[in-house]
Amino acid sequence: MFTKCVSDQTKKRESIAGKVTASQRDTVEFSQFAGAAVCAKCHASIVNDYAHTAHFLSSQPASDSSIKGSFKKGQNSFKYDFDKIVSLEKQNNSFYQTYYYHGKKVVKRRFDIVIGSGTKGQTYLSWLDAHLIELPVSYFTQVHQWANSPGYPLSPIIFNRPVTTRCLECHSTYAGTINYHPDIPPVFDSTKMLLTIGCEKCHGPAAKHVAYQLQNPGGTTAKLIINPTKLSRQLALDVCGLCHSGRLEEKSAPFQFTPGKSLSNYFQISDAAKRTGVMDVHGNQLGILSLSKCFRISKTMTCLTCHAPHKNERNNTATFSQRCISCHSDQHKTIEGVSNDMLINNCIDCHMPLQESTSISFLLQGKEQPVNATMRTHFIKVYNDETKKFIEHNASSQKKKS
């Protein structure tokens with residue numbers, strides 16, 4: 001889902017002239033991708049499982065099934081002021097955000113692309129010629145309401161906020177551009193766009209792999225494709241780090257980083273991130289994890305140590321806890337007041353509790369202060385207050401059962 005980085009990234013950035021290294025001259029192009037549907041022909045079970053994950057649902061065409069918010073009368077508007085209203089409207093098979101001032105229509109834009117799986121929320125994009133713009137009203141799942149888009153001004157109500165390539169690098173597989181220059185809003189080629197965070201985001205462009213395997217159907221070893229589990233620790237972390245290591249600035253043209261390459265050749269930490277030093281629970285999971293003792297003392301721990309990326313395991317604390325226990329089997333054999341079942345099935349609430357994100361915050365209708373979305377922190381440590389809550393909740397549950 002879009003965050004305040006959208007507006008930051010639209011500001012003038014350094015020219016990329018002269019920064020492309022020799023390893024980057026092998027340009028990544030749309031023709032090199034096969035698409036998830038082609039992957040499914042040989043990997044149907046994996047693709048079917050993956051289709052239910054938040055990654056896969058991170059960007060989709062706008063439709064009845066992909067938009068989470070309601071278009072029912074009485075639930076389909078966001079009132080900025082008594083005379084300024086954005087109405088969420090469905091007409092035939094299309095959806096629109098329409099701004100009314102004193103009851104008169106000012107501007108109307110169509111929902112074209114949904115950004116965000118809806119787990120935390122969604123933001124919506126609209127085509128304006130060959131540009132993509134972010135619409136002013138988003139959906140906040142935590143309260144099941146339409147809300148002002150994160151970082152969006154309350155006044156004036158605008159319908160021309162440009163979407164950057166950096167945003168789509170984290171929410172899609174590939175988006176082709178025309179005459180790209182980092183100092184101006186990008187012109188996208190809608191015919192060269194792969195929505196969803198698809199198979200090739202983590203495994204690399206697969207057209208050559210598909211062609212080879214079709215020509216060699218008896219081969220038992222995959223060729224011309226990346227398996228992140230076979231990469232060095234740093235390169236494996238870089239695959240996830242593209243989208244989960246905080247605010248990054250491009251050092252090259254967009255969509256040129258692919259798995260197996262070094263992320264530092266393509267991106268650098270943004271000046272804003274350097275100044276503030278803030279590591280939010282959204283968007284910088286890798287940066288936060290790297291502070292954890294678990295990560296620092298391990299020589300092999302990566303994101304894949306705990307996450308099975310092809311499956312939707314969200315909120316499955318027992319599964320994640322078993323992965324904790326695989327390395328920490330001697331810890332916490334007993335805790336006074338906590339049942340053994342609770343102990344072995346939920347390491348997460350005590351050691352990776354939910355925390356508020358400052359980068360995913362929504363202003364709700366009629367409110368003066370935004371509401372922050374909550375997410376699991378990846379700073380693994382002892383949280384005394386959360387542990388106390390966990391023990392008290394467990395004791396209360398046991399009392400009710402007895």
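Reader: Why is the pair C347 and C324 not called a disulfide, given the distance from the sulfur of C347 to the closest cysteine sulfur?

Author: A disulfide is a pair of cysteine sulfur atoms within 2.5 Å. The sulfur of C347 is 4.4 Å from the closest cysteine sulfur, that of C324, and is therefore too far for a bond. The structure holds 0 disulfides. This is a predicted model, in which local features need pLDDT of at least 70 and side-chain atom pairs count only at pLDDT 80 or more, while totals for chains, interfaces and linings use all residues. Residues are numbered from 1 along each chain as its sequence is written, and side-chain values use heavy atoms, with hydrogens and water left out.

Reader: What makes C347 count as buried?

Author: Buried means under 20% relative accessible area, exposed over 50%, and partly exposed in between (1.4 Å probe, protein chains only). C347 has 17% relative accessibility and therefore counts as buried. C167, with a relative accessible area of 4%, is buried as well.

Reader: How do you know that D129 is exposed?

Author: The relative accessible area of D129 is 73%, so D129 is exposed. D129 is found in the loop between β7 (121-128) and β8 (131-134), where strands (E, at least two residues) and helices (H or I, at least four) are DSSP runs, numbered from the N terminus. Its phi is near 55°, a positive value in a residue other than glycine.

Reader: Why is L224 called exposed?

Author: L224 has 53% relative accessibility and therefore counts as exposed. L224 lies in the loop between α6 (207-215) and α7 (233-244), and its phi, near 60°, is positive in a residue other than glycine.
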